[in-house]
Amino acid sequence: MNDLRDLYQEVILDHSRNPRNAGRLEEPSGTAKGHNPLCGDLITLDVLVEDGTIRDVSFDARGCAISVATASIMSDMLKGRSLAEAHDLFQRFQDMLTGPTAAAEGLDKLEVLAGVREFPMRVKCATLPFHTLRAALDNESGTVQTE
Amino acid sequence: MNAPAGQNPEVLSARADFPLLARPMHGRPLAFLDSAASAQKPHVVLDSLRDFYESEYANVHRGVYLLSAQATDRYEAARETVQRFLNASRSEEIVFTRGATEAINLVAESLGRSGRFEPGDEVVLTVLEHHSNIVPWQLMRDATGVRIRAAADAAGNVDVDAVFREVSDRTRLIAFSHVSNTTGTVLPAREICRRARERGILTLVDGCQAVPHAAVDVQDLACDFYTFSGHKLYGPSGIGALFGRHDLLASLPPWQGGGSMIEEVTFERTTYAPPPARYEAGTPNIAGAVGLAAAIDYVRGFGSEAIRRHEDAVLKYGVDRLDAVDEVRLIGTPAERAGSISFVVDGVHPHDVGTVLDTEGVAVRVGHHCAQPAMRHFGVPATIRASLGIYTHVADFDALADGLGKVRELFRL
């Protein structure tokens, strides 16, 4: 139960029920869809990048608490960051969930998702928004899949 | 809640036959409610595999030596066990496959090559089908130009009328699940097959979720093809069986080529063996067939009536417990149910429910259950499915209900 309380913290429940930046951008510079076939999580994410800086992020997500909360917190944190910073954030986030030490350095609000590490079956739920973000930044066509 | 009547003490004791069920999960007793995905294995099946490999194993239909002859006898005896289990009229009507998925691919592929289907002909499925009873027909459609139609009434139930509303003069085949793997709905297989036969329409019945729960008689059903997977019937994985009407199996072309399925091979031309060998290219899953026969003997030892009574009582208890949870919404309203209950918890995604239940020792399946069209039909992205087997007790559903209490607490419902 303690691990579960770490996983489903109040902040995560709040973000999953009231996701920030929900919706679509009118003129995104990049868009991508992400899909986790295992549980059916589906996210469509828009980004607006100007001069190498992320100006805006918006998403439509239908999925579990973990994936929606990650998308919500992630989108809040990305605005005003450079592309390099966004990639660095993804790397740190992945390290926190699957790396050898669980270091949460520089992750700021995303640190609330550290509990996912104890639930390996759920890591893909948390990383799906980031995979989708990366595809949107590259403006790849098609759908990113976690499987 | 009190345990319901109808539980047969002999069936209740079956649990002790399954060693894995004694394994604690997250420090709690395991409540295994995912038998519809794959069932656990009793000692007699595990022993049959070990004994066969230790004392009787060799390739089949090959050697002149005693071992090979004995292994062949065991393999063919397993075929006869399946024949009796399905009440097929002869053992040549039973083809061993990897499972039901392979069996349906076999039928779709062989029918597709047979010249029996012309562009514009129709195959009728139902919205409740598992992907394994959809995609093989789409592959056949791409090769033959047939059209696919899907039957259901507005509530998502599939009765005879719903099926025959989709049937036209161009319908050549109806393929459907005997029991839905998602909602546990029992389809009126006998009525569908008999009406289809009157109209000269072939039928294939996917019996994966039916054979663990009820006796099946393919002659009484009047189906043309029937299939099931061994691993859902307490047998090993990688083995299953296809029943096919003998005149069909004897006239359809093979779907895979290789050893065992031939009469004579030259570089110009090959003639094929009669069924069932025609459809069993290569060395088969010999020990799997032996293990499957052991599983069938095990189930028949209880008798399908006793199993059905026990499971119906446990299932009814499960439905009642789930119904008593405010936020739980059952998916599908079958008039007759076997094996499975699908539900959602309003306000919590099934995947999150599954994770919480897992930490409580309750193993359920969450997701789309390889039936995405059914999910779309019911308007949900995914469900939680609790499914039972011969070893399931009401206590497993108590654990599920308690686990859902934890879900409500954590998510503040």
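Here is a walk through a predicted model, starting with chain A, moving to the contact with chain B and ending inside chain B.

Let's begin with the sheet in chain A. It is an open sheet of four strands with mixed pairing, and the order across it is β3-β2-β1-β4. At the edges you find β3 (53-62) and β4 (143-145) of chain A; each has a single partner strand, so one side of each is left without a neighbour in the sheet. Going from one strand to the next, the twist averages 25 degrees.

Strands of a sheet pair through backbone hydrogen bonds, and they can do that either parallel or antiparallel. In chain A, strand β1 (residues 30-36) and strand β2 (residues 41-50) run antiparallel, with seven bridges joining them. If you want a landmark for the register, A:H35 stands opposite A:L42 in β2(A). On to the next pair: β2(A) and β3(A) are antiparallel over nine bridges. Here the landmark is A:I43, whose bridge partner in β3(A) is A:A61.

How do β2(A) and β3(A) connect? They form a hairpin with two residues between them. In that turn sits A:D51, with a positive phi of about 50 degrees. As background, most residues other than glycine have a negative phi. A:N21 is another residue to check on a Ramachandran plot, since its phi is positive too, near 60 degrees, and it isn't a glycine. You'll find A:N21 in the loop between α2 (10-17) and β1 of chain A.

The sheet in chain A also has a helix on it. Helix α3 (residues 65-78) of chain A packs there, touching β2 and β3 of chain A. The direction of α3(A) makes about 165 degrees with that of β3(A).

Now for the place where the two chains meet. The contact takes 14 residues from chain A and 13 residues from chain B. On the chain A side, the residues divide into nine nonpolar, two polar and three charged.

Step across to chain B and there is a lot to look at: 14 helices and 15 strands. Along its principal axes, the C-alpha trace of chain B spans about 70 × 55 × 35 Å. Is that what you'd expect of a compact globule, or not? For 413 residues, such a globule would have a radius of gyration near 22 Å; chain B has 22 Å, so the value agrees.

Chain B has its own open sheet, this one of seven strands in the order β2-β8-β7-β6-β5-β3-β4, again with mixed pairing. β2 (94-97) and β4 (147-151) of chain B stand at the edges with a single partner strand each, so one side of each has no neighbour in the sheet. The twist here averages 20 degrees from one strand to the next. At the β4(B) edge, strand β3 (residues 122-126) of chain B pairs with β4(B) in the parallel sense over five bridges. There, B:E122 stands opposite B:R147 in β4(B). Helix α7 (residues 189-198) of chain B packs on this sheet, touching β5 (171-177) and β6 (202-206) of chain B. Its direction makes about 160 degrees with that of β6(B).

Next come the helix pairs. Two packed helices are described by the angle between their axes and the distance between the axes. Take helix α3 (residues 66-86) and helix α10 (residues 286-302) of chain B: they pack at about 40 degrees, with their axes 9 Å apart. That angle makes α3(B) oblique to α10(B), and the crossing is left-handed. Residues of α3(B) that meet α10(B) include B:A71, B:Y75, B:A78 and B:F85, while α10(B) brings residues including B:I286, B:V290, B:L292 and B:I296. By class, this contact has twelve nonpolar, one polar and two charged residues.

The second pair is helix α12 (residues 350-359) and helix α14 (residues 394-410) of chain B, whose axes come within 9 Å and cross at roughly 120 degrees. These helices are therefore oblique to each other, and their crossing is right-handed. From α12(B), B:V353, B:V356 and B:L357 meet B:L400, B:G403, B:K406, B:V407 and B:L410 in α14(B). That contact has six nonpolar, one polar and one charged residues.

One last backbone detail: the peptide bond from B:P275 to B:P276 is cis, with omega near 5 degrees. B:P276 lies in the loop between β10 (270-272) and α10 of chain B.

Key. Residues are numbered from 1 along each chain as its sequence is written. Chains are lettered from A and ligands numbered from 1 in the order in which they are written. This is a predicted model: local features need pLDDT of at least 70, side-chain atom pairs count only at pLDDT 80 or more; totals for chains, interfaces and linings use all residues. Axes are lines fitted to C-alpha atoms, for helices over the stretch in contact, and angles run from 0 to 180 degrees between N-to-C directions. Angles under 35 degrees count as roughly parallel, over 145 as roughly antiparallel, 65 to 115 as roughly perpendicular and the rest as oblique. A crossing is left-handed if the near helix is turned anticlockwise from the far one by less than a right angle, and right-handed if clockwise. Two residues are in contact if their C-beta atoms, placed from the backbone, lie within 7 Å. Ala, Val, Leu, Ile, Met, Phe, Trp, Tyr, Cys and Pro count as nonpolar, Asp, Glu, Lys and Arg as charged, and the others, Gly among them, as polar. Two strands pair if DSSP finds at least two bridges between them. The radius of gyration is taken over C-alpha atoms; the globule rule is 2.2 Å times the number of residues to the power 0.38.
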